[in-house]
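Colleague: I've got a few questions about this fold. Can we walk through it together?

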Amino acid sequence: MKHRDVWTPGAESALPAIWLASRRRNAVTLAANRLDQQLADDPFAMSESRISGVRIAFEPPLAILFEVVAETATARVLAVWAY
């Protein structure tokens, strides 16, 4: 089942700041695109579960926290950071 990915305002505003601060901007762009694709394809396969239905995924040099809303087939990104 395909999922729609939605970034919360906080996560959405963090991504450009990460990109601007990075020396590896191309890697950040590629990682963000891969995360979007993986969230759409199968958010459960690309992540690990955490507390209260929150999941975590890593795509170097980025990591995200997100939740899956089954009723709407939506993966909602709550936070993103560089690691």
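Modeller: Let's fix a term: buried means under 20% relative accessible area, exposed over 50%, and partly exposed in between, with a 1.4 Å probe and protein chains only. This is a predicted model, where local features need pLDDT of at least 70, side-chain atom pairs count only at pLDDT 80 or more, and totals for chains, interfaces and linings use all residues. Residues are numbered from 1 along each chain as its sequence is written, and side-chain values use heavy atoms, leaving out hydrogens and water.

Colleague: What share of the residues of the protein chain counts as buried?

Modeller: The protein chain has 83 residues. With the cut-off under 20% relative accessible area, the buried share comes to 37%.

Colleague: Which pattern does the protein chain follow along the sequence?

Modeller: Helices (H or I, at least four residues) and strands (E, at least two) are DSSP runs, numbered from the N terminus. There are 2 helices and 5 strands in the protein chain. Read in sequence order, that gives β-α-α-β-β-β-β.

Colleague: Which residue stands opposite Glu67 in β5?

Modeller: Strands pair if DSSP finds at least two bridges between them. Here 8 bridges join β4 to β5 (residues 74–82), running antiparallel. On the β3 side, Glu67 is the bridge partner of Val54, while in β5 Glu67 faces Arg76.

Colleague: And which residue in the turn between β4 and β5 has a positive phi?

Modeller: β4 and β5 make a hairpin with 4 residues between them. The phi in question is about 50°, and the residue is Ala73.
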